Amino acid sequence: MKSISLFIFFAQILAVSSSFYICDSGNPKFIGHFVEDAVADGSPKYVNEEGMSIFRHQGYWYLGDMAPWPPVTHYRCIEGCGYNSPTPPLNGYQPKKNIGESPAPILQEEPCVVNDEL
């Protein structure tokens, strides 16, 4: 039983993506490519070209601006968000009242598709 638990633990670590993309968001600063930047709360923290971050705090995932102190949370994962999950959930984020803008971002592991037919 211990070897199965250890296998699952290492499988989760190997499954951690080193980058994510957000292709639509009520706040355009969250659109872009997020790359692993540091570690926060024992999990990778991701940042995009605009300085916005995807980060875990006390076991829950958030999207926000970590430049000011305290950080400004714009979106937090509410629906289907596992506590202490090693990677950020791809969806389930909700705008924080009076700060976040709808629609809430949806993360994906593939680059955004650009329509150049205009």
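This is a short walk through the structure, one selection at a time.

**The whole chain**

Start with everything shown as a cartoon, and keep in mind that this is a predicted model. You should find 1 helix and 8 strands, and reading along the sequence gives α-β-β-β-β-β-β-β-β. Of the 118 residues in the chain, 36% are buried. Switch on a surface and you are looking at about 7,500 Å² of exposed area, with 56% of it supplied by carbon and sulfur atoms. Among contacts with a separation of 6 or more, 38% join residues 24 or more positions apart.

**The sheet**

Now colour the strands. The 8 strands make one open sheet, ordered β7-β6-β5-β4-β3-β2-β1-β8, with antiparallel pairing. Select 93–95 and then 107–108: these are β7 and β8, the edge strands, and each has a single partner, so one side of each lacks a neighbour in the sheet.

**From β2 to β5**

Next, select residues 32–40 for β2 and 43–47 for β3. The two strands are antiparallel and share 5 bridges; to see one facing pair, show E36 and Y46, which stand opposite each other. The hairpin they form has 2 residues between the strands, and D41 in its turn has a positive phi of about 60°. How many of the residues in β3 are buried? The count is 5 of 5, so this strand is mostly covered.

Move on to β4. β3 and β4 are antiparallel too, joined by 2 bridges, and V47 faces S53 across the pair. Their hairpin has 4 residues between the strands, among them G51, with a positive phi near 85°.

Then select 52–57 together with 60–65, which are β4 and β5; 6 bridges connect this antiparallel pair. I54 has L63 in β5 as its bridge partner.

While you are here, show the side chains of F55 and Y62. The structure holds 4 aromatic pairs, and F55 with Y62 is a stacked one, with ring centres 5.7 Å apart and 25° between the planes. Both F55 and Y62 are buried.

**H74 and its surroundings**

Select H74, which sits in β6 (residues 72–77). Is H74 buried or exposed? H74 is buried, because its relative accessible area is 12% and the cut-off for buried is under 20%. Display its contacts as well: leaving aside residues up to four places away in sequence, H74 touches N27, F30, L63, G64, D65, Q94, P95, K96, I99 and G100.

**The disulfides**

Finish with the cysteines as sticks. There are 2 disulfides, and with the bonded cysteines counted along the chain their pattern is 1-4, 2-3.

Begin with C23 and C112, whose sulfur atoms are 2.0 Å apart. C23 is in the loop between β1 (19–22) and β2, while C112 is in the segment after β8, so this pair ties together parts 89 residues apart in sequence. The link is left-handed, with -95° about the S-S bond. C23 is partly exposed at 29% relative accessibility, and C112 is partly exposed at 29% as well.

Last, centre on C77 and C81, joined with an S to S distance of 1.8 Å. The torsion about their S-S bond is about -75°, so this disulfide is left-handed. C77 is buried, at 8% relative accessibility, and C81 is buried with a relative accessible area of 18%.

Definitions and conventions. Residues are numbered from 1 along each chain as its sequence is written. This is a predicted model: local features need pLDDT of at least 70, side-chain atom pairs count only at pLDDT 80 or more; totals for chains, interfaces and linings use all residues. Side-chain values use heavy atoms; hydrogens and water are left out. Buried means under 20% relative accessible area, exposed over 50%, partly exposed in between (1.4 Å probe, protein chains only). Contact means heavy atoms within 4.5 Å. Rings of Phe, Tyr and Trp (its six-membered ring) pair if their centres lie within 6.5 Å; planes under 30 degrees apart count as stacked, over 60 as edge-to-face and the rest as tilted. Accessible areas come from the Shrake-Rupley method with a 1.4 Å probe; for residues, only the protein chains shown count as cover. Two strands pair if DSSP finds at least two bridges between them. A disulfide is a pair of cysteine sulfur atoms within 2.5 Å.
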